[in-house]
Every structure is written in structure tokens, then in C-alpha cells.
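Please look through the structure below with two topics in mind, its pockets and one of its sheets. The report that follows takes them in turn.

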Amino acid sequence: MRFARVGDIGAERPVVWRADTCFDLGSITSDIDGAFLASDGIAKTRAALDAGALPRTDVAGLRRGAPVVRPGAVVCIGMNYAAHAAESGAAPPEVPVMFLKTPNTVAGPDDDVTIPRGSSKTDWEVELGVVIGRRTSYLDKPGDSVDHIAGYTVANDVSERTFQLEQSGGQWSKGKCAVGFNPTGPWLVPAEDLDVGDLRLRSWVNGQPRQDSSTADMIFDVHTLIWHLSQYMVLEPGDLVLTGTPEGVALSGRFDYLRAGDVVEIEIEGLGRQRQTFVDAPRRH
């Protein structure tokens, strides 16, 4: 199964794909949100599909929204691939590095991304996103995370490196929180349908390859990350956790930063592909 939300911004409707057929989810839920996930919505959908109880629907030509309604929290992990830490000029971390993005960074996977005013170092980052399905606090061990993960998605942790590293005051979030800086989707794939231990992650800028790695290269795996975060914060259903990016970003010095007109594509095996055009922020009036 692959869950999605389609339609204009603010008017998305929930659908689910099985193989090449799309079905309307309106009889089960009005949207894909924390309440749907917490109430075993994925299991209910699977049962309805097995019973032939969901109507088919045509979504051709419709905008693809983020596959989960704006989360209450977007929690991010930095430098979780050793090669990316190295290209950033840092040693691999001994414990997970955490920072936050604001919920209004979440956007559709193909929506335009606005380069902030004053930016000269806007960067791309393909990342595996984890969507929380149950309230998560003080897990006893990493293996307990299995029961708290609803599914997985693709995310682009767009970053402005000057804001993040030079104007930060020691924290990263200034360079992470511009509106639309987290294109998400196109799919939410249930955790039981996908093994994320060795998935290929790739990115391209204007058709040229940039990142090409595997989730097997993570320093801290998904279950360890969710367990670790639960010791410091409460994760709620629908929250989104971004698990870090591999090497191959502009911060490495090997590639140019993004400018208006550039097209970024990112893809994770089994989770789909995104495509964004980057545009300048509007001038002040």
C-alpha cells in the first residue's frame, strides 16, 4: 500500500494505492493525520481493500501533497552518515545530533521551493522520513520502536548554510525553517510493507547526479533514533522524523549552491521520487 494526499493546497483528499490502482479513502477518513494513524487507520484501510470496499478514483493531473497532514513536530537528525559528516568537516557523532524544523516547512513533493531573501547557500538533502503512529515516550530499547512507526516517506531537508552555520548562534534551525523547506512524499508506505535497512537514496540537480548512497550507511539506524529521541521528548502520531542525509551536497564544496531556476530531484528506493523547481523569494512591497 501507498498512502497519498492529492489536490490543491489546503484542499487535499486522502487516497491509497495498491499496485497500480488508486482508491478513495473518504469512507474511512477525511485526511491522513495523527488521529487516523493512532486509530489503526492503516490496518482498517488494508482490511477495506481486501474486502473490495473502497471505490476506485482517478487522480491523473492532480497535485501531490505531503502524504501526512502538517505534523505537530518535525524532528531532524544531523550528520547521520559518516561520509556526510566528513564532507561537513566534522567527526562522526557519538550520539545522535538533533535539531528541529517548523511544521510549515512541510510541502508537497513537487511544489516550488522559495530561496529565502539574502540566501547565497541554499542546499539539498535527500532523507528517509519516519512517520510516527503511536505516542512515543521513554522506550525501553531500540526494538520497541517497531510498534511506534506508522511508515516511511521521502523528504528533502532543504538548508540555507549561511543561516545554519555562520548566523546560527550555535544552533542549526535558522537555516532549516524557511517555509516550504521540507518537500515530503509522494507516498507514505506502511512500516510493515518496507524494510528500510538498505534502501538506495539519490539526488540530482538539473539532471546531474549528486547523492547516491544507502540507508545501510547510517551511523544510527531508524529504531535506535526513535528510541533515543523518546528519552528526551514525546513524539506524537503524525510527527515526522528526518534521519539524516548522505554525502553529495553543496556544502561539500564540490557543487554549486542552488539558484532560481534550478531543478532538484530526489528519490528513495520503494518510496518514490520528488521534483522541485527553486524560485527567488518575492521582493518587498
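## The second largest pocket

In this predicted model, the second largest pocket is lined by 20 residues, and those that lie nearest its centre are Ile9, Arg63, Val106, Ala107 and Asp111. Two elements give two or more residues to this lining, namely strand E7 (106-107) and strand E8 (113-115).

The volume of the second largest pocket is about 370 Å³, and the residues of its lining divide into 9 nonpolar, 5 polar and 6 charged.

## The largest pocket

The largest pocket has a volume of about 510 Å³. It is lined by 26 residues, of which Val146, Ile149, Ala150, Ala191 and Glu192 are the closest to its centre. The elements that contribute two or more residues to the lining of the largest pocket are helix H1 (34-38), helix H2 (41-50), strand E11 (149-156) and helix H5 (222-230).

By residue type, the lining of the largest pocket comprises 14 nonpolar, 6 polar and 6 charged residues.

## An open sheet

Strand E8, which gives residues to the lining of the second largest pocket, also belongs to an open sheet of 5 strands, arranged in the order E8-E19-E18-E15-E16 with mixed pairing. Because E8 and strand E16 (208-214) stand at the edges and have a single partner strand each, one side of each is left without a neighbour in the sheet. From one strand to the next, the twist averages 20 degrees.

The partner of E8 is strand E19 (residues 272-280), to which E8 is joined by 3 bridges, and the two strands run parallel. Within this part of the sheet, Ile115 stands opposite Asp280 in E19.

Terms used:
Residues numbered from 1 in each chain as written. Predicted model: local features only at pLDDT ≥ 70, side-chain atom pairs only at ≥ 80, totals over all residues. Heavy atoms only, no water. 1 Å grid on protein atoms, 1.4 Å probe; cavity = no way out; pocket = protein on both sides within 12 Å on 5 of 7 lines; lining within 4 Å. Points joined across faces, edges and corners; volume = space filled by probe spheres on them. Helix = DSSP H or I, 4+ residues; strand = E, 2+ residues; numbered from the N terminus. Nonpolar A, V, L, I, M, F, W, Y, C, P; charged D, E, K, R; others polar. Pairing = 2+ DSSP bridges. Axes fitted to C-alpha atoms, helices over the stretch in contact; angles between N-to-C directions.
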